[in-house]
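Reader: I would like to go through the salt bridges and the internal cavities of this model. Please keep the answers short.

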Amino acid sequence: MSFSTKHTAALLGGVLLAVLTGCGSPAEKGNVEAVGSEAAVPPVKSQGLTPSGLPGMPPVLDAKDVYAADRPGKLSPVVKGFPSRVYVPNTNSDTVSVIDPATYKVIKTIKVGRQPQHVVPSWDLKTLWVNNDIGDSLTAIDPATGKKGRTVPVSDPYNLYFTPDGKYAVVMASMDRQLVFRDAHTMKTVKAVPVTCGGVNHADFSTDGRYFIVSCEFSGELLKVDTARMKVVAQQKLPLDGAMPQDVKLSPDGGTFYIADMVANGMWVLDGKKFTTPKLLPTGKGAHGLYVSRDSKEMYVSNRGEGTISVFDFARRELVKKWSLPHGGSPDMGGISADGKVLWLSGRYNSEVYAIDTSTGRQLARIPVGSGPHGLAVYPQPGRYSLGHTGVFR
């Protein structure tokens with residue numbers, strides 16, 4: 001997360017220190033029921049019918065697989081001419097490193113605003129938005145040319161999402177304690193929604209787009225937000241002292257949300273519709289980022305605190321592999337190559353980026369970048385539209 005003097009009062013205590021120093025050791029755990037197999041948590045059954053989506057949202061292609069549009073080669077006509085690049089925001093250097101994935105070399109460094117946290121593809125796929133958190137701005141990058149465009153004033157843009165109908169950007173204003181709905185193109189505020197939890201940071205939308213789940217890092221809570229009403233409709237505290245939920249990802253069948261937690265060292269397994277108390281599936285120390293494979297069969301979990309990546313099998317509902325980075329590292333946020341063969345992750349505390357073979361788990365490259373690399377975006381990727389973050393496509 002970010003830190004600035006204007007937000008000091010919001011971060012009293014040791015929480016921020018834990019985040020900025022690799023999140024430290026987990027707090028004393030409460031009573032948490034762990035998940036280890038399909039028998040432990042029965043899967044939520046898909047109805048097999050295409051749900052009625054949020055008005056204006058593109059029709060769901062497959063109710064049993066929300067990622068059906070993300071297959072290798074399914075590039076939108078909008079992005080087909082874009083060069084393949086990896087855009088890395090360096091939070092401490094106030095830059096974006098641009099990597100050519102064909103050579104594993106940094107080919108350009110772009111100066112942006114203060115403390116860039118994530119590089120976010122716009123809903124219409126035409127723009128990459130750099131979230132300058134402490135700089136209180138968004139900087140546009142044209143993925144067709146790699147050139148920096150306009151910078152738009154936006155308060156506390158730690159992370160950025162887009163509603164499935166393409167109307168609004170949703171700013172995760174972590175220190176401002178708000179979810180801010182803005183016009184997706186002009187970024188003018190439409191509605192600011194105050195929240196009572198601390199550290200809103202990541203989210204994902206239901207299959208029908210009618211609601212989304214938000215993680216609150218500093219208070220260990222989850223929110224359920226009605227998309228059309230722009231309103232928090234439910235809130236719960238995670239059943240673990242000191243929980244720090246991070247990335248949120250919907251299962252292909254739409255029945256389950258997975259929420260990485262870097263203090264719980266695993267993923268929370270949540271029935272989004274019922275919004276009942278989730279159960280914990282341990283993955284590794286400092287679980288942080290979640291990325292679905294191009295065939296929708298597996299999900300990669302970056303365990304930042306131990307330099308590993310866990311592989312979760314959706315059909316079996318269990319972990320099937322764990323890959324270790326040679327000589328360790330701090331794998332954080334990232335994305336998957338358009339062909340699905342390479343997982344790209346930033347090394348948050350090592351000033352580097354990792355390229356990992358998704359078939360073997362072998363490290364293909366370790367690339368030096370600026371200081372504090374965070375939410376990198378692999379672009380372009382398959383999909384009809386972007387829901388934001390480092391690239392959540394449907």
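Reader: Which strands each supply at least two residues of the lining of the largest cavity?

Author: The model is a predicted one. In it, the largest cavity holds about 190 Å³ of space. Its lining has 19 residues, and the closest to its centre are Asp70, Val292, Arg294, Gln381 and Gly391. The strands that each give at least two residues to this lining are S20 (287-292) and S24.

Reader: How do the residues of the lining of the second largest cavity divide into nonpolar, polar and charged?

Author: About 90 Å³ of space lies in the second largest cavity. It is lined by 14 residues, of which Val60, Leu61, Val66, Arg384 and Arg394 are the closest to its centre. For the largest cavity the lining divides into 7 nonpolar, 8 polar and 4 charged residues. For the second largest cavity the division is 9 nonpolar, 1 polar and 4 charged.

Reader: How many salt bridges does a search of the whole structure find?

Author: Side chains of opposite charge can pair when their charged atoms come close. One such pair is lysine 249 with aspartate 247, whose closest N and O atoms are 3.7 Å apart. Searching the whole structure gives a total of 11 salt bridges.

Reader: Is lysine 249 buried or exposed?

Author: The cut-off for buried is under 20% relative accessible area. Aspartate 247, the partner of lysine 249 in a salt bridge, has 0% relative accessibility and is buried. Lysine 249 has 6% relative accessibility, so this residue also counts as buried.

Reader: How many residues apart in sequence are the parts that glutamate 298 and lysine 321 tie together?

Author: Glutamate 298 is buried at 16% relative accessible area, while lysine 321 is partly exposed at 35%. The closest N and O atoms of their salt bridge are 3.5 Å apart. Because glutamate 298 lies in strand S21 (residues 298-303) and lysine 321 in strand S23 (residues 318-324), the pair ties together parts whose separation in sequence is 23 residues.

Reader: Which residues are linked with Asp332 in a network of salt bridges?

Author: Arginine 348 and aspartate 332 form a salt bridge of 3.5 Å, N to O. Arginine 348 lies in the loop between strand S25 (342-347) and strand S26 (352-357), and aspartate 332 in strand S24 (residues 331-336), so the pair joins parts 16 residues apart in sequence. Both residues are buried. In the network, Asp332 is linked with Arg304 and Arg348.

Key:
Residues numbered from 1 in each chain as written. Predicted model: local features only at pLDDT ≥ 70, side-chain atom pairs only at ≥ 80, totals over all residues. Heavy atoms only, no water. Salt bridge = Lys/Arg side-chain N within 4 Å of Asp/Glu carboxyl O. Buried < 20%, exposed > 50% of the residue type's maximum accessible area, 1.4 Å probe, protein only. Helix = DSSP H or I, 4+ residues; strand = E, 2+ residues; numbered from the N terminus. 1 Å grid on protein atoms, 1.4 Å probe; cavity = no way out; pocket = protein on both sides within 12 Å on 5 of 7 lines; lining within 4 Å. Points joined across faces, edges and corners; volume = space filled by probe spheres on them. Nonpolar A, V, L, I, M, F, W, Y, C, P; charged D, E, K, R; others polar.
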